[in-house]
Amino acid sequence: MLKTADNFCRTAVLYFIFIWFGVMVFAPNLLVLLASFLTKEPVWFLRLPLNLQAYRALGDAALLTVILKSVGLAFVTTLFCLLIGYPFTYFIAGFSKETRALFLMLIVVPFWTNSLIRNYALIAVLSEDGLINAFLLHFGLIAEPLKLLNTTFAVFVGMVYTLLPFMILPIYAVLEKIDRSIVEAAADLGAGPFEVFYKIVIPLSFPGIVAGCIMVFLPALTLFYVSDILGGADVNVLGSIIRNKFMIDHDWPVGAAISVALTAFMLVLLHLYYKSGNTVEQERQLW
Amino acid sequence: MVSKLLKSLYIAVVYLFLYMPLAVAIVFSFNDASNSNAWSGFTTKWYASLLHDQSLIKSAVRSLFLAASSATVSTVVGTIMAIALHRYRFIGQKVVFGSLSVIMMSPEIIQGISLAMIFIVLGIPLGFTTLLLAHTVFCFPFVTMTVLARLKGVSRTLAEAAADLGANDVSIVRRILIPLIVPAVFAGWLMSFTLSIDDVIISFFVSGKSYEILPLKIYSMVRTGIQPDVNALCAALFFVTFAVVMISYRLVRDRK
(Lines give C-alpha, C1' and ligand atoms only; values in the text may rest on other atoms or scores of the structure.)
Protein backbone atom coordinates (compact mmCIF):
# COMPACT_ATOMS: atom_id res chain seq x y z
CA MET A 1 0.00 0.00 0.00
CA LEU A 2 2.76 2.36 1.05
CA LYS A 3 4.92 1.40 -1.91
CA THR A 4 2.17 2.03 -4.48
CA ALA A 5 1.54 5.48 -3.02
CA ASP A 6 5.26 6.28 -3.23
CA ASN A 7 5.44 5.01 -6.78
CA PHE A 8 2.44 7.07 -7.75
CA CYS A 9 4.10 10.12 -6.25
CA ARG A 10 7.33 9.49 -8.13
CA THR A 11 5.57 8.86 -11.44
CA ALA A 12 3.42 11.97 -11.10
CA VAL A 13 6.41 14.19 -10.30
CA LEU A 14 8.52 12.79 -13.14
CA TYR A 15 5.66 13.19 -15.63
CA PHE A 16 5.30 16.78 -14.50
CA ILE A 17 9.04 17.41 -15.02
CA PHE A 18 9.09 15.82 -18.47
CA ILE A 19 5.99 17.67 -19.64
CA TRP A 20 7.25 20.98 -18.23
CA PHE A 21 10.64 20.67 -19.91
CA GLY A 22 9.14 19.27 -23.10
CA VAL A 23 6.54 21.99 -23.58
CA MET A 24 8.19 25.02 -21.98
CA VAL A 25 11.88 24.45 -22.71
CA PHE A 26 12.54 22.09 -25.63
CA ALA A 27 9.51 22.65 -27.88
CA PRO A 28 9.92 26.47 -28.00
CA ASN A 29 13.55 26.21 -29.06
CA LEU A 30 12.77 23.54 -31.63
CA LEU A 31 10.10 25.84 -33.07
CA VAL A 32 12.68 28.61 -33.54
CA LEU A 33 15.01 26.11 -35.22
CA LEU A 34 12.18 24.98 -37.51
CA ALA A 35 11.20 28.58 -38.32
CA SER A 36 14.75 29.34 -39.43
CA PHE A 37 14.41 26.74 -42.21
CA LEU A 38 10.98 27.89 -43.40
CA THR A 39 10.06 30.58 -45.93
CA LYS A 40 8.76 34.09 -45.27
CA GLU A 41 5.00 34.57 -45.75
CA PRO A 42 3.08 37.86 -45.41
CA VAL A 43 -0.04 36.66 -43.54
CA TRP A 44 0.96 33.55 -41.60
CA PHE A 45 4.61 34.68 -41.29
CA LEU A 46 5.91 31.20 -42.18
CA ARG A 47 5.32 28.61 -44.91
CA LEU A 48 6.93 25.62 -46.55
CA PRO A 49 9.21 24.73 -48.32
CA LEU A 50 12.17 24.10 -46.07
CA ASN A 51 15.31 25.87 -47.26
CA LEU A 52 18.52 27.57 -46.17
CA GLN A 53 17.54 31.00 -47.52
CA ALA A 54 17.48 32.61 -44.06
CA TYR A 55 21.00 31.43 -43.28
CA ARG A 56 22.27 32.83 -46.58
CA ALA A 57 20.81 36.20 -45.57
CA LEU A 58 23.16 36.16 -42.56
CA GLY A 59 26.07 36.76 -44.94
CA ASP A 60 24.60 40.12 -45.99
CA ALA A 61 27.27 42.83 -45.66
CA ALA A 62 25.01 45.44 -43.99
CA LEU A 63 23.80 42.91 -41.44
CA LEU A 64 27.35 41.72 -40.74
CA THR A 65 28.51 45.31 -40.11
CA VAL A 66 25.81 45.83 -37.47
CA ILE A 67 26.56 42.45 -35.89
CA LEU A 68 30.30 43.20 -35.74
CA LYS A 69 29.67 46.62 -34.17
CA SER A 70 27.38 45.00 -31.60
CA VAL A 71 29.99 42.32 -30.83
CA GLY A 72 32.61 45.04 -30.37
CA LEU A 73 30.36 46.95 -27.98
CA ALA A 74 29.57 43.76 -26.05
CA PHE A 75 33.27 42.94 -25.83
CA VAL A 76 34.23 46.37 -24.45
CA THR A 77 31.25 46.20 -22.04
CA THR A 78 32.40 42.79 -20.76
CA LEU A 79 35.98 44.01 -20.38
CA PHE A 80 34.95 47.05 -18.34
CA CYS A 81 32.53 45.05 -16.18
CA LEU A 82 35.39 42.68 -15.40
CA LEU A 83 37.90 45.47 -14.72
CA ILE A 84 35.44 47.30 -12.45
CA GLY A 85 33.74 44.27 -10.95
CA TYR A 86 36.66 41.98 -10.11
CA PRO A 87 38.55 44.28 -7.70
CA PHE A 88 35.23 45.33 -6.19
CA THR A 89 34.20 41.73 -5.56
CA TYR A 90 37.65 40.83 -4.28
CA PHE A 91 37.51 43.70 -1.77
CA ILE A 92 34.02 42.89 -0.44
CA ALA A 93 34.87 39.17 -0.16
CA GLY A 94 37.46 40.16 2.45
CA PHE A 95 34.85 41.51 4.88
CA SER A 96 33.08 39.62 7.69
CA LYS A 97 30.12 37.40 6.90
CA GLU A 98 27.43 39.90 8.02
CA THR A 99 29.02 42.81 6.14
CA ARG A 100 29.31 40.68 2.99
CA ALA A 101 25.61 39.79 3.18
CA LEU A 102 24.77 43.48 3.43
CA PHE A 103 27.04 44.40 0.51
CA LEU A 104 25.46 41.66 -1.59
CA MET A 105 21.95 42.80 -0.71
CA LEU A 106 22.92 46.34 -1.79
CA ILE A 107 23.82 44.98 -5.23
CA VAL A 108 20.43 43.34 -5.65
CA VAL A 109 18.29 46.24 -4.38
CA PRO A 110 18.43 48.39 -7.57
CA PHE A 111 16.92 45.46 -9.49
CA TRP A 112 13.60 46.08 -7.74
CA THR A 113 13.20 49.10 -9.95
CA ASN A 114 12.89 47.76 -13.47
CA SER A 115 16.09 48.10 -15.51
CA LEU A 116 14.27 49.95 -18.29
CA ILE A 117 13.19 52.61 -15.80
CA ARG A 118 16.73 52.85 -14.41
CA ASN A 119 18.16 53.27 -17.91
CA TYR A 120 15.58 55.93 -18.55
CA ALA A 121 16.87 57.73 -15.44
CA LEU A 122 20.37 57.68 -16.97
CA ILE A 123 19.11 60.18 -19.57
CA ALA A 124 19.07 62.84 -16.84
CA VAL A 125 22.73 62.04 -16.18
CA LEU A 126 23.97 61.97 -19.76
CA SER A 127 21.86 64.58 -21.61
CA GLU A 128 23.19 68.01 -22.64
CA ASP A 129 21.59 69.67 -19.63
CA GLY A 130 22.24 66.60 -17.51
CA LEU A 131 24.39 65.96 -14.44
CA ILE A 132 27.73 65.20 -16.12
CA ASN A 133 27.61 68.24 -18.39
CA ALA A 134 26.43 70.47 -15.55
CA PHE A 135 29.33 69.24 -13.44
CA LEU A 136 31.94 69.74 -16.18
CA LEU A 137 30.58 73.18 -17.12
CA HIS A 138 30.45 74.28 -13.50
CA PHE A 139 34.12 73.54 -12.97
CA GLY A 140 35.07 75.09 -16.31
CA LEU A 141 36.44 71.83 -17.70
CA ILE A 142 34.47 72.29 -20.92
CA ALA A 143 33.08 75.37 -22.66
CA GLU A 144 30.25 73.70 -24.57
CA PRO A 145 28.08 70.81 -23.33
CA LEU A 146 29.27 67.46 -24.65
CA LYS A 147 26.92 65.37 -26.75
CA LEU A 148 26.85 62.17 -24.70
CA LEU A 149 23.28 61.03 -25.19
CA ASN A 150 22.35 59.21 -28.41
CA THR A 151 25.89 57.99 -28.92
CA THR A 152 27.52 54.57 -28.70
CA PHE A 153 29.22 55.83 -25.54
CA ALA A 154 25.84 56.32 -23.84
CA VAL A 155 24.82 52.77 -24.77
CA PHE A 156 28.15 51.53 -23.40
CA VAL A 157 27.52 53.32 -20.07
CA GLY A 158 23.98 51.92 -19.92
CA MET A 159 25.20 48.38 -20.65
CA VAL A 160 27.97 48.50 -18.03
CA TYR A 161 25.51 49.96 -15.56
CA THR A 162 22.84 47.31 -16.25
CA LEU A 163 25.19 44.32 -16.41
CA LEU A 164 27.81 45.02 -13.74
CA PRO A 165 25.87 43.01 -11.09
CA PHE A 166 25.90 39.99 -13.44
CA MET A 167 29.69 40.10 -13.38
CA ILE A 168 29.93 40.68 -9.63
CA LEU A 169 27.56 37.91 -8.44
CA PRO A 170 29.19 34.86 -10.13
CA ILE A 171 32.69 36.06 -9.22
CA TYR A 172 31.54 36.57 -5.64
CA ALA A 173 30.11 33.03 -5.49
CA VAL A 174 33.57 31.65 -6.33
CA LEU A 175 35.71 34.09 -4.32
CA GLU A 176 33.63 33.44 -1.20
CA LYS A 177 34.51 29.74 -1.35
CA ILE A 178 38.27 30.24 -1.72
CA ASP A 179 39.99 28.85 1.36
CA ARG A 180 41.76 31.90 2.80
CA SER A 181 44.33 29.59 4.46
CA ILE A 182 45.72 28.78 1.00
CA VAL A 183 46.30 32.48 0.44
CA GLU A 184 47.91 32.84 3.87
CA ALA A 185 50.09 29.77 3.29
CA ALA A 186 51.37 31.26 0.04
CA ALA A 187 52.18 34.53 1.80
CA ASP A 188 53.97 32.63 4.58
CA LEU A 189 56.05 30.81 2.00
CA GLY A 190 57.24 34.16 0.67
CA ALA A 191 54.87 35.02 -2.16
CA GLY A 192 54.28 38.76 -2.59
CA PRO A 193 50.72 40.11 -2.72
CA PHE A 194 50.78 40.31 -6.52
CA GLU A 195 52.15 36.81 -6.85
CA VAL A 196 49.43 35.48 -4.54
CA PHE A 197 46.84 37.31 -6.62
CA TYR A 198 48.03 36.11 -10.03
CA LYS A 199 49.07 32.59 -9.11
CA ILE A 200 46.34 31.67 -6.62
CA VAL A 201 43.33 33.97 -6.45
CA ILE A 202 42.83 34.50 -10.19
CA PRO A 203 43.21 30.82 -11.18
CA LEU A 204 40.88 29.69 -8.37
CA SER A 205 38.24 32.23 -9.32
CA PHE A 206 38.53 31.53 -13.05
CA PRO A 207 35.18 29.67 -13.33
CA GLY A 208 33.47 32.69 -11.78
CA ILE A 209 35.22 35.03 -14.21
CA VAL A 210 34.11 32.94 -17.19
CA ALA A 211 30.52 32.69 -15.87
CA GLY A 212 30.44 36.45 -15.28
CA CYS A 213 31.80 37.18 -18.75
CA ILE A 214 29.15 34.97 -20.38
CA MET A 215 26.39 36.55 -18.31
CA VAL A 216 27.53 40.02 -19.38
CA PHE A 217 28.55 39.38 -22.98
CA LEU A 218 25.33 37.69 -24.17
CA PRO A 219 22.92 40.30 -22.74
CA ALA A 220 25.23 43.09 -23.97
CA LEU A 221 24.54 41.77 -27.47
CA THR A 222 20.80 41.66 -26.98
CA LEU A 223 19.49 44.35 -24.57
CA PHE A 224 17.78 46.35 -27.29
CA TYR A 225 15.95 48.69 -24.91
CA VAL A 226 19.28 50.10 -23.64
CA SER A 227 20.32 51.09 -27.16
CA ASP A 228 16.79 52.35 -27.89
CA ILE A 229 16.69 54.63 -24.86
CA LEU A 230 20.29 55.86 -24.74
CA GLY A 231 21.57 55.34 -28.28
CA GLY A 232 18.70 56.78 -30.27
CA ALA A 233 18.15 55.68 -33.85
CA ASP A 234 21.82 55.39 -34.76
CA VAL A 235 22.94 52.62 -32.44
CA ASN A 236 21.63 49.10 -32.95
CA VAL A 237 22.63 45.97 -31.10
CA LEU A 238 22.14 42.42 -32.32
CA GLY A 239 18.97 42.24 -30.20
CA SER A 240 17.48 45.24 -32.05
CA ILE A 241 18.02 43.43 -35.35
CA ILE A 242 16.32 40.25 -34.12
CA ARG A 243 13.41 42.26 -32.73
CA ASN A 244 13.04 44.27 -35.96
CA LYS A 245 13.09 41.11 -38.10
CA PHE A 246 10.20 39.70 -36.07
CA MET A 247 8.16 42.76 -35.19
CA ILE A 248 8.76 45.24 -38.05
CA ASP A 249 10.00 43.41 -41.16
CA HIS A 250 7.91 40.31 -40.31
CA ASP A 251 10.78 38.25 -41.65
CA TRP A 252 10.56 35.40 -39.15
CA PRO A 253 12.97 32.98 -40.88
CA VAL A 254 15.87 35.46 -40.80
CA GLY A 255 15.03 36.52 -37.24
CA ALA A 256 14.93 32.86 -36.23
CA ALA A 257 18.21 32.14 -38.05
CA ILE A 258 19.99 34.92 -36.13
CA SER A 259 18.51 33.52 -32.90
CA VAL A 260 19.73 30.03 -33.77
CA ALA A 261 23.22 31.38 -34.50
CA LEU A 262 23.19 33.19 -31.15
CA THR A 263 22.03 30.03 -29.34
CA ALA A 264 24.80 28.00 -31.00
CA PHE A 265 27.31 30.63 -29.91
CA MET A 266 25.95 30.45 -26.35
CA LEU A 267 26.29 26.66 -26.29
CA VAL A 268 29.94 26.98 -27.36
CA LEU A 269 30.55 29.48 -24.54
CA LEU A 270 28.82 27.19 -22.02
CA HIS A 271 30.96 24.29 -23.19
CA LEU A 272 34.07 26.41 -22.57
CA TYR A 273 32.66 27.35 -19.18
CA TYR A 274 32.28 23.75 -18.09
CA LYS A 275 35.77 23.00 -19.34
CA SER A 276 37.16 25.92 -17.33
CA GLY A 277 35.31 24.68 -14.25
CA ASN A 278 36.68 21.18 -14.71
CA THR A 279 40.29 22.23 -15.03
CA VAL A 280 40.08 23.97 -11.68
CA GLU A 281 38.40 20.92 -10.14
CA GLN A 282 41.23 18.78 -11.49
CA GLU A 283 43.83 21.13 -10.08
CA ARG A 284 42.10 21.05 -6.71
CA GLN A 285 42.46 17.29 -6.63
CA LEU A 286 46.21 17.73 -6.91
CA TRP A 287 46.31 19.53 -3.58
CA MET B 1 45.79 51.79 6.45
CA VAL B 2 46.00 53.78 3.22
CA SER B 3 45.20 50.67 1.20
CA LYS B 4 42.17 50.00 3.40
CA LEU B 5 40.95 53.56 2.81
CA LEU B 6 41.47 53.17 -0.94
CA LYS B 7 39.51 49.90 -0.92
CA SER B 8 36.60 51.50 0.90
CA LEU B 9 36.70 54.45 -1.48
CA TYR B 10 36.63 52.10 -4.47
CA ILE B 11 33.66 50.16 -3.05
CA ALA B 12 31.85 53.45 -2.40
CA VAL B 13 32.44 54.68 -5.97
CA VAL B 14 31.04 51.47 -7.47
CA TYR B 15 27.94 51.70 -5.28
CA LEU B 16 27.58 55.34 -6.26
CA PHE B 17 27.56 54.23 -9.92
CA LEU B 18 24.98 51.51 -9.20
CA TYR B 19 22.68 53.81 -7.24
CA MET B 20 23.08 57.03 -9.23
CA PRO B 21 20.17 56.49 -11.67
CA LEU B 22 17.86 55.55 -8.79
CA ALA B 23 18.96 58.58 -6.81
CA VAL B 24 18.48 60.79 -9.86
CA ALA B 25 14.96 59.45 -10.42
CA ILE B 26 14.06 60.05 -6.77
CA VAL B 27 15.52 63.58 -6.71
CA PHE B 28 13.89 64.54 -10.02
CA SER B 29 10.52 63.29 -8.83
CA PHE B 30 10.58 66.48 -6.70
CA ASN B 31 11.78 68.74 -9.54
CA ASP B 32 9.46 71.55 -10.58
CA ALA B 33 10.50 71.59 -14.26
CA SER B 34 8.34 69.56 -16.62
CA ASN B 35 10.61 69.01 -19.62
CA SER B 36 14.11 69.85 -18.48
CA ASN B 37 16.80 67.94 -16.65
CA ALA B 38 17.89 71.07 -14.80
CA TRP B 39 16.74 71.66 -11.22
CA SER B 40 14.12 74.38 -10.86
CA GLY B 41 12.62 74.10 -7.40
CA PHE B 42 10.99 71.62 -5.05
CA THR B 43 7.51 70.30 -5.72
CA THR B 44 5.32 67.34 -4.88
CA LYS B 45 2.96 67.95 -7.78
CA TRP B 46 4.15 64.89 -9.70
CA TYR B 47 3.01 62.67 -6.87
CA ALA B 48 -0.36 64.38 -7.01
CA SER B 49 -0.58 63.97 -10.78
CA LEU B 50 0.52 60.35 -10.42
CA LEU B 51 -2.51 59.66 -8.25
CA HIS B 52 -4.70 60.78 -11.16
CA ASP B 53 -2.84 58.74 -13.76
CA GLN B 54 -4.99 55.62 -13.41
CA SER B 55 -3.46 53.70 -16.32
CA LEU B 56 0.09 54.16 -14.99
CA ILE B 57 -0.88 52.99 -11.50
CA LYS B 58 -2.80 50.09 -12.96
CA SER B 59 0.21 48.87 -14.92
CA ALA B 60 2.45 49.25 -11.84
CA VAL B 61 0.06 47.15 -9.74
CA ARG B 62 -0.05 44.57 -12.54
CA SER B 63 3.76 44.40 -12.54
CA LEU B 64 3.86 43.78 -8.81
CA PHE B 65 1.08 41.20 -9.00
CA LEU B 66 2.80 39.41 -11.88
CA ALA B 67 6.13 39.36 -10.03
CA ALA B 68 4.56 38.02 -6.84
CA SER B 69 2.50 35.35 -8.59
CA SER B 70 5.23 34.20 -10.98
CA ALA B 71 7.71 34.08 -8.09
CA THR B 72 5.25 31.89 -6.16
CA VAL B 73 4.63 29.52 -9.08
CA SER B 74 8.40 29.41 -9.82
CA THR B 75 9.08 28.56 -6.21
CA VAL B 76 6.61 25.65 -6.26
CA VAL B 77 7.85 24.31 -9.61
CA GLY B 78 11.52 24.91 -8.75
CA THR B 79 11.28 23.29 -5.33
CA ILE B 80 9.46 20.19 -6.65
CA MET B 81 12.16 19.91 -9.33
CA ALA B 82 14.97 20.24 -6.78
CA ILE B 83 13.49 17.61 -4.46
CA ALA B 84 12.95 15.26 -7.41
CA LEU B 85 16.52 15.77 -8.65
CA HIS B 86 17.77 15.13 -5.13
CA ARG B 87 15.62 12.10 -4.26
CA TYR B 88 15.02 10.28 -7.52
CA ARG B 89 17.31 8.76 -10.14
CA PHE B 90 15.67 8.84 -13.57
CA ILE B 91 16.39 8.75 -17.29
CA GLY B 92 17.17 12.20 -18.65
CA GLN B 93 18.23 13.53 -15.25
CA LYS B 94 21.51 14.88 -16.65
CA VAL B 95 19.66 16.56 -19.51
CA VAL B 96 17.24 18.20 -17.06
CA PHE B 97 20.12 19.33 -14.87
CA GLY B 98 22.12 20.68 -17.81
CA SER B 99 19.09 22.50 -19.21
CA LEU B 100 18.73 24.41 -15.95
CA SER B 101 22.06 26.19 -16.42
CA VAL B 102 21.37 26.72 -20.13
CA ILE B 103 18.08 28.47 -19.23
CA MET B 104 19.86 30.63 -16.65
CA MET B 105 22.54 31.71 -19.14
CA SER B 106 20.49 32.05 -22.33
CA PRO B 107 19.76 35.59 -23.59
CA GLU B 108 16.28 36.84 -22.75
CA ILE B 109 15.52 37.66 -26.36
CA ILE B 110 15.82 34.00 -27.36
CA GLN B 111 13.59 32.88 -24.51
CA GLY B 112 11.11 35.61 -25.36
CA ILE B 113 10.86 34.71 -29.04
CA SER B 114 10.77 30.94 -28.53
CA LEU B 115 8.11 31.21 -25.80
CA ALA B 116 6.03 33.58 -27.93
CA MET B 117 6.15 30.98 -30.73
CA ILE B 118 4.99 28.09 -28.51
CA PHE B 119 2.12 30.22 -27.16
CA ILE B 120 1.04 31.05 -30.71
CA VAL B 121 1.25 27.39 -31.74
CA LEU B 122 -0.69 26.25 -28.65
CA GLY B 123 -3.26 28.99 -29.26
CA ILE B 124 -2.86 30.64 -25.85
CA PRO B 125 -3.80 34.33 -26.27
CA LEU B 126 -1.00 36.71 -25.19
CA GLY B 127 -1.85 38.23 -21.83
CA PHE B 128 -1.53 37.46 -18.13
CA THR B 129 -1.35 33.65 -18.60
CA THR B 130 1.50 33.84 -21.08
CA LEU B 131 3.38 36.38 -18.94
CA LEU B 132 2.97 34.17 -15.88
CA LEU B 133 4.16 31.04 -17.72
CA ALA B 134 7.10 32.84 -19.37
CA HIS B 135 8.27 34.46 -16.13
CA THR B 136 8.03 31.10 -14.38
CA VAL B 137 10.16 29.49 -17.09
CA PHE B 138 13.05 31.91 -16.68
CA CYS B 139 12.81 32.07 -12.86
CA PHE B 140 12.35 28.46 -11.70
CA PRO B 141 15.95 27.30 -12.47
CA PHE B 142 17.23 29.83 -9.94
CA VAL B 143 14.92 28.34 -7.28
CA THR B 144 15.94 24.78 -8.20
CA MET B 145 19.65 25.62 -8.01
CA THR B 146 19.32 27.43 -4.66
CA VAL B 147 17.27 24.63 -3.11
CA LEU B 148 19.56 21.92 -4.56
CA ALA B 149 22.58 23.65 -3.06
CA ARG B 150 20.86 23.50 0.31
CA LEU B 151 19.77 19.85 -0.14
CA LYS B 152 23.38 18.88 -0.90
CA GLY B 153 24.14 19.51 2.75
CA VAL B 154 21.25 17.27 3.91
CA SER B 155 22.38 13.75 4.63
CA ARG B 156 20.53 10.99 2.77
CA THR B 157 20.54 8.87 5.91
CA LEU B 158 17.97 11.23 7.41
CA ALA B 159 15.40 10.29 4.78
CA GLU B 160 16.42 6.63 4.92
CA ALA B 161 15.97 6.53 8.69
CA ALA B 162 12.50 8.04 8.32
CA ALA B 163 11.62 5.49 5.62
CA ASP B 164 12.82 2.64 7.87
CA LEU B 165 10.58 3.96 10.60
CA GLY B 166 7.62 3.72 8.23
CA ALA B 167 7.34 7.22 6.77
CA ASN B 168 6.12 7.42 3.18
CA ASP B 169 7.50 9.76 0.53
CA VAL B 170 4.98 12.49 1.15
CA SER B 171 5.64 12.69 4.88
CA ILE B 172 9.43 12.49 4.40
CA VAL B 173 9.26 15.49 2.10
CA ARG B 174 6.74 17.35 4.21
CA ARG B 175 8.19 16.75 7.65
CA ILE B 176 11.93 16.45 6.99
CA LEU B 177 13.03 18.01 3.71
CA ILE B 178 10.76 21.04 3.54
CA PRO B 179 11.56 22.35 7.04
CA LEU B 180 15.26 22.03 6.21
CA ILE B 181 15.05 23.95 2.94
CA VAL B 182 12.78 26.83 4.01
CA PRO B 183 15.56 29.48 3.94
CA ALA B 184 16.62 28.39 0.45
CA VAL B 185 13.00 28.35 -0.74
CA PHE B 186 12.52 31.89 0.51
CA ALA B 187 15.80 33.01 -1.10
CA GLY B 188 14.59 31.43 -4.34
CA TRP B 189 11.27 33.25 -4.13
CA LEU B 190 13.02 36.57 -3.57
CA MET B 191 15.37 35.95 -6.48
CA SER B 192 12.44 35.09 -8.78
CA PHE B 193 10.55 38.18 -7.66
CA THR B 194 13.62 40.32 -8.39
CA LEU B 195 14.18 38.79 -11.82
CA SER B 196 10.52 39.09 -12.73
CA ILE B 197 10.17 42.74 -11.71
CA ASP B 198 13.42 43.61 -13.56
CA ASP B 199 12.51 41.84 -16.81
CA VAL B 200 11.76 43.79 -19.99
CA ILE B 201 12.63 41.71 -23.03
CA ILE B 202 10.77 38.46 -22.34
CA SER B 203 7.67 40.41 -21.33
CA PHE B 204 8.01 42.46 -24.51
CA PHE B 205 7.48 39.34 -26.65
CA VAL B 206 4.85 37.48 -24.62
CA SER B 207 2.51 40.24 -23.47
CA GLY B 208 -0.51 41.47 -25.36
CA LYS B 209 -2.56 44.63 -25.34
CA SER B 210 -4.93 43.09 -22.80
CA TYR B 211 -2.37 43.10 -19.98
CA GLU B 212 0.15 45.93 -20.18
CA ILE B 213 2.77 45.89 -17.41
CA LEU B 214 4.77 48.89 -16.25
CA PRO B 215 8.10 48.55 -18.13
CA LEU B 216 6.28 48.03 -21.43
CA LYS B 217 3.95 50.94 -20.76
CA ILE B 218 6.95 53.17 -20.10
CA TYR B 219 8.75 51.73 -23.12
CA SER B 220 5.88 52.77 -25.36
CA MET B 221 5.87 56.20 -23.68
CA VAL B 222 9.61 56.75 -24.35
CA ARG B 223 8.83 57.38 -28.01
CA THR B 224 6.10 59.90 -27.35
CA GLY B 225 7.99 61.64 -24.52
CA ILE B 226 7.80 60.70 -20.87
CA GLN B 227 5.78 62.59 -18.31
CA PRO B 228 7.78 63.54 -15.21
CA ASP B 229 5.35 61.62 -13.00
CA VAL B 230 7.17 58.47 -14.13
CA ASN B 231 10.01 59.53 -11.82
CA ALA B 232 7.51 59.84 -8.99
CA LEU B 233 6.13 56.39 -9.75
CA CYS B 234 9.66 55.01 -9.93
CA ALA B 235 10.51 56.40 -6.50
CA ALA B 236 7.21 55.28 -4.97
CA LEU B 237 7.60 51.75 -6.37
CA PHE B 238 11.14 51.48 -5.14
CA PHE B 239 10.15 52.33 -1.59
CA VAL B 240 7.12 50.02 -1.65
CA THR B 241 9.21 47.07 -2.88
CA PHE B 242 12.00 47.87 -0.46
CA ALA B 243 9.56 47.95 2.48
CA VAL B 244 7.77 44.74 1.46
CA VAL B 245 11.01 42.80 0.99
CA MET B 246 12.52 44.04 4.24
CA ILE B 247 9.41 43.19 6.25
CA SER B 248 9.12 39.71 4.77
CA TYR B 249 12.86 39.15 5.27
CA ARG B 250 12.49 40.07 8.95
CA LEU B 251 9.45 37.81 9.36
CA VAL B 252 11.23 34.80 7.88
CA ARG B 253 14.38 35.44 9.90
CA ASP B 254 12.47 35.81 13.16
CA ARG B 255 10.56 32.60 12.56
CA LYS B 256 13.84 30.78 12.15
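**Exercise 1. Which residues in H3(B) meet which residues in H8(B)?**

Solution. Let's begin with what we are looking at. This is a predicted model, in which local features need pLDDT of at least 70 and side-chain atom pairs count only at pLDDT 80 or more, while totals for chains, interfaces and linings use all residues. Residues are numbered from 1 along each chain as its sequence is written, and chains are lettered from A and ligands numbered from 1 in the order in which they are written.

Step 1: find the helices, which are DSSP runs of H or I with at least four residues (strands are runs of E with at least two), numbered from the N terminus. H3 covers residues 54-87 of chain B, and H8 covers residues 169-198 of chain B.

Step 2: look for contacts, meaning pairs whose C-beta atoms, placed from the backbone, lie within 7 Å. On the H3(B) side you find Ser63(B), Leu66(B), Ala67(B), Ala68(B), Ser70(B), Ala71(B), Ser74(B), Thr75(B), Gly78(B), Thr79(B) and Ile83(B). Across from them, H8(B) offers Val173(B), Leu177(B), Val185(B), Gly188(B), Trp189(B), Ser192(B), Phe193(B), Ser196(B) and Ile197(B).

Step 3: sort them by class. Ala, Val, Leu, Ile, Met, Phe, Trp, Tyr, Cys and Pro count as nonpolar, Asp, Glu, Lys and Arg as charged, and the others, Gly among them, as polar. The contact of H3(B) with H8(B) has 11 nonpolar, 9 polar and no charged residues.

**Exercise 2. Describe how H3(B) packs on H8(B), then do likewise for H4(B) and H6(B).**

Solution. Two packed helices are described by the angle between their axes and the distance between the axes.

Step 1: fit the axes as lines to C-alpha atoms over the stretch in contact, with angles running from 0 to 180 degrees between N-to-C directions. For H3(B) and H8(B) the angle is about 140°, with axes 8 Å apart.

Step 2: name the arrangement. Angles under 35 degrees are roughly parallel, over 145 roughly antiparallel, 65 to 115 roughly perpendicular and the rest oblique. H3(B) is therefore oblique to H8(B).

Step 3: turn to H4 (residues 93-105) and H6 (residues 128-152) of chain B, which pack at about 125° with axes 9 Å apart. H4(B) and H6(B) are therefore oblique to each other as well.

Step 4: list this second contact. Leu100(B), Ile103(B) and Met104(B) of H4(B) touch Phe138(B), Pro141(B), Phe142(B), Thr144(B) and Met145(B) of H6(B). These residues divide into 7 nonpolar, 1 polar and no charged.

**Exercise 3. Is Leu66(B) buried or exposed?**

Solution. Step 1: recall the cut-offs. A residue is buried if 20 or more other C-beta atoms, placed from the backbone, lie within 10 Å of its own, exposed if 12 or fewer, and partly exposed in between.

Step 2: count. Leu66(B) has 22 C-beta neighbours inside 10 Å, so Leu66(B) is buried.

Step 3: see what surrounds it. Not counting residues up to four places away in sequence, Leu66(B) touches Leu131(B), Leu132(B), His135(B), Ser196(B) and Ile213(B).

Step 4: widen the view. Of the 256 residues of chain B, 40% count as buried.

**Exercise 4. How many residues does each chain bring to the contact?**

Solution. Step 1: chain A brings 63 residues and chain B brings 59.

Step 2: find the main contributor. Helix H1 (residues 2-36) of chain A gives the most to the chain A side, with 18 residues.

Step 3: classify that side. The side of chain A that touches chain B has 49 nonpolar, 10 polar and 4 charged residues.

How values were computed. Two residues are in contact if their C-beta atoms, placed from the backbone, lie within 7 Å.
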